[in-house]
Amino acid sequence: MKVLTGLLAAVLLIAGMGASHAVVRIADDRGGRIGTYVDKYQDLRQSGETVIIDGLCASACTIVLGAIPRDRICVTSHATLGFHAAWDFGSNGRAVTNPEATQMLYAMYPSQVKRWIAQRGGLTPNMLFLRGKQLQAMYKPCYLDAQASTNRPSR
């Protein structure tokens with residue numbers, strides 16, 4: 001039965017796809033350099049595509065929340081956002097918090113996300129995870145009938 005349901009969902013997705021309903025799926029993105037994500041999400045913002053967060057979006061990946069309009073982001077029950085302070089490699093090769101980059105990152109987030117982070121002590125070297133009901137209260141849910149290509153790679 002699961003196979004039949006999955007096949008039916010795939011057929012409906014493919015049949016309903018159109019350029020005006022392009023979707024980008026984020027599922028296992030652990031982040032990276034802030035500048036890379038700012039550039040990537042600027043392009044995505046201009047494309048008009050919708051973003052489905054369907055798994056881990058951590059670190060610099062969370063810039064998507066500030067770069068893409070809220071009405072173009074949806075979250076699934078699998079969505080998890082991970083936030084922490086920005087860091088650089090120190091002279092000894094270890095991670096050292098970068099206060100300026102951390103403030104820049106924090107400033108990019110929407111107000112409801114900033115409040116959530118502030119209520120948990122702010123951005124620190126320790127990861128804060130936003131998921132479940134708290135995340136779903138901030139962003140609209142994604143539905144199975146969303147028009148997405150299952151073959152499109154995550155950005």
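**Notes on the predicted model**

1. A small thing to look at before the rest: just after helix α2, G48 takes a positive phi of about 80°. Please keep in mind as you read on that this is a predicted model.

2. Now for the helix that comes before that glycine. Helix α2 covers residues 34-47, 14 residues in total. From its first C-alpha to its last the helix reaches 20 Å, close to the 20 Å expected at 1.5 Å a residue.

3. Which residues of α2 are buried? They are I34, Y37, Y41 and L44. These residues lie on the same side of α2, because they cover an arc of only 90° around the axis. D43 and Q46, on the other side of α2, are exposed. If you have the structure open, colouring these two groups is a friendly way into the fold.

4. What do the buried residues of α2 pack against? Their partners are two strands, β1 (23-29) and β2 (50-58), together with two helices, α3 (64-67) and α4 (99-108).

5. Strand β4 (80-83) deserves a point of its own. Both of its faces are covered: T80 and G82 are buried on one side, and L81 and F83 are buried on the other. As a reminder, side chains in a regular strand alternate between the two faces of the sheet.

6. The pairing of β4 is worth tracing by eye. With β2, β4 pairs in the parallel sense over three bridges, and here L56 stands opposite T80. With β7 (residues 128-131), β4 runs antiparallel and is joined by four bridges. T80 appears in this pairing too, standing opposite R131 in β7.

7. Next, a threonine in a loop. T62 sits between β2 and α3. Is T62 buried or exposed? Its relative accessible area is 0%, so T62 is buried. Leaving aside neighbours within four places in sequence, T62 is in contact with C57, L81, G82, F83 and Y109. Of these, L81, G82 and F83 are also among the buried residues of β4.

8. Two distances go with T62. Its side chain makes a polar contact of 2.6 Å with the side chain of Y109. The C-alpha of T62 is separated by 7.9 Å from that of G31, although the two residues are 31 apart along the chain.

9. On to a histidine, H84, in the loop between β4 and β5 (87-89). H84 counts as buried because its relative accessibility is 11%, and the cut-off for buried is under 20%. Which side chain does H84 join through a polar contact of 2.8 Å? The partner is S59. Apart from neighbours within four places in sequence, the contacts of H84 are S59, L105, L123, T124, P125, N126 and M127.

10. Finally, the chain as a whole. Its secondary structure comes to six helices and eight strands, which follow the pattern α-β-α-β-α-β-β-β-β-α-α-β-α-β along the sequence. Of the 155 residues, 40% are buried. Among contacts with a separation of 6 or more, 68% are between residues 24 or more positions apart. The chain exposes about 9300 Å², and carbon and sulfur atoms supply 56% of that area.

Methods
Residues numbered from 1 in each chain as written. Predicted model: local features only at pLDDT ≥ 70, side-chain atom pairs only at ≥ 80, totals over all residues. Heavy atoms only, no water. Buried < 20%, exposed > 50% of the residue type's maximum accessible area, 1.4 Å probe, protein only. Polar contact = N/O pair within 3.5 Å; in protein donor to acceptor, adjacent residues only side chain to side chain. Contact = heavy atoms within 4.5 Å. Expected span 1.5 Å × (residues − 1). Arc of directions from axis to C-beta. Pairing = 2+ DSSP bridges. Areas by Shrake-Rupley, 256 points an atom, 1.4 Å probe, with all protein chains shown as cover.
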